[in-house]
Amino acid sequence: MILTTTPSVEGRNIVEYKGIVFGEVVAGVNMFKDFGASIRNIIGGRSSSYEGELIEARENALRELSVRASRLGADAVVGIDIDYEVLGEANGMLMVTASGTAVKLG
């Protein structure tokens, strides 16, 4: 499955549009990561625990998007957009949404 943010796949023709597909992931961030991040906030630096959570959520959203496109018979998903939001009480949940157009390539 080809996944791209561009509206086309170079060197390939889109022969059929299968529809818009989504991949959504809502992940909780536990109190230990919150504690570590709060210390980083005070002393400065990057929060590797939050970065790891973000990377995992994004990869899972793209994987889900790919599976849904495959079920439609697509070869690729073009025009992918990834959005990030925080949800829940005290912003304790991270939501990652990936969307794009599933297509059949010639």
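Let's start with one pairing: E85 stands opposite M95 in strand β4. Two strands count as paired if DSSP finds at least two bridges between them, and β3 and β4 pair in the antiparallel sense over 10 bridges. This is a predicted model, in which local features need pLDDT of at least 70 and side-chain atom pairs count only at pLDDT 80 or more, while totals for chains, interfaces and linings use all residues. Residues are numbered from 1 along each chain as its sequence is written, and side-chain values use heavy atoms, with hydrogens and water left out.

**Overall layout**

- The chain has two helices and four strands, where helices (H or I, at least four residues) and strands (E, at least two) are DSSP runs numbered from the N terminus.
- Read from the N terminus, the elements follow the order β-β-α-α-β-β.
- Of the 106 residues of the chain, 28% count as buried; buried means under 20% relative accessible area, exposed over 50%, and partly exposed in between (1.4 Å probe, protein chains only).
- The accessible surface of the chain comes to about 6,700 Å², and 54% of it belongs to carbon and sulfur atoms. These areas come from the Shrake-Rupley method with a 1.4 Å probe, and for residues only the protein chains shown count as cover.
- Contact means heavy atoms within 4.5 Å. Among contacts in the chain with a separation of 6 or more, 76% are between residues 24 or more positions apart.

**The sheet**

- Four strands make an open sheet in the order β1-β3-β4-β2, with mixed pairing.
- β1 (2–3) and β2 stand at the edges with a single partner strand each, so one side of each has no neighbour in the sheet.
- β1 and β3 pair in the parallel sense over two bridges, and I2 stands opposite A76 in β3.
- β2 and β4 run antiparallel and are joined by 13 bridges; here G23 stands opposite A98 in β4.
- Back at the β3–β4 pairing, D83 stands opposite T97 in β4.
- V86 also lies in strand β3 and is partly exposed, with a relative accessible area of 48%. Its C-alpha is 9.8 Å from that of G28, although V86 and G28 are 58 residues apart in sequence.

**Inside the fold**

- A nonpolar core is a set of buried Ala, Val, Leu, Ile, Met, Phe, Trp, Tyr and Cys residues joined through side-chain atoms within 4.5 Å. The largest one has 13 residues, of which V21, L65, A69 and V77 touch the most other members.
- Two or more residues of this core come from each of β2 (14–28), α2 (48–71), β3 and β4 (93–105).
- Apart from it lies another core, of five residues, among them V9, V78, V103 and L105.
- Beyond its neighbours within four places in sequence, V21 is in contact with residues including L65, R68, A69, L72, V77 and A98.
- S66 is found in helix α2 and counts as buried at 17% relative accessibility. Leaving aside neighbours within four places in sequence, S66 is in contact with M1 and L3.

**Salt bridges**

- The structure holds four salt bridges, each a side-chain nitrogen of Lys or Arg within 4 Å of a carboxyl oxygen of Asp or Glu.
- R68 and E24 meet through their side chains in a salt bridge (3.0 Å, N to O). Because R68 lies in helix α2 and E24 in strand β2, the pair ties together parts that are 44 residues apart in sequence.
- R68 also meets E64 in a salt bridge (2.9 Å, N to O); these two are four residues apart in helix α2, which means a separation of about one helical turn.
- E24, E64 and R68 are thus linked in a network of salt bridges. R68 is partly exposed at 32%, as is E24 at 35%, and E64 counts as partly exposed at 24%.
- D75 forms a salt bridge with K104, with the closest N and O atoms 3.4 Å apart. This pair links distant parts of the chain, 29 residues apart: D75 is in the loop between α2 and β3, and K104 is in strand β4.
- D75 counts as partly exposed at 25% relative accessibility, and K104 does too at 30%.

**On the surface**

- V26, L87 and M93 make a nonpolar surface patch of about 220 Å². Patches are made of residues with over 30% relative accessible area and no salt bridge, with like charges joined within 9 Å and nonpolar side chains (Val, Leu, Ile, Met, Phe, Trp, Tyr) within 5 Å.
- L87 lies in strand β3 (residues 76–87) and counts as partly exposed at 34% relative accessibility.
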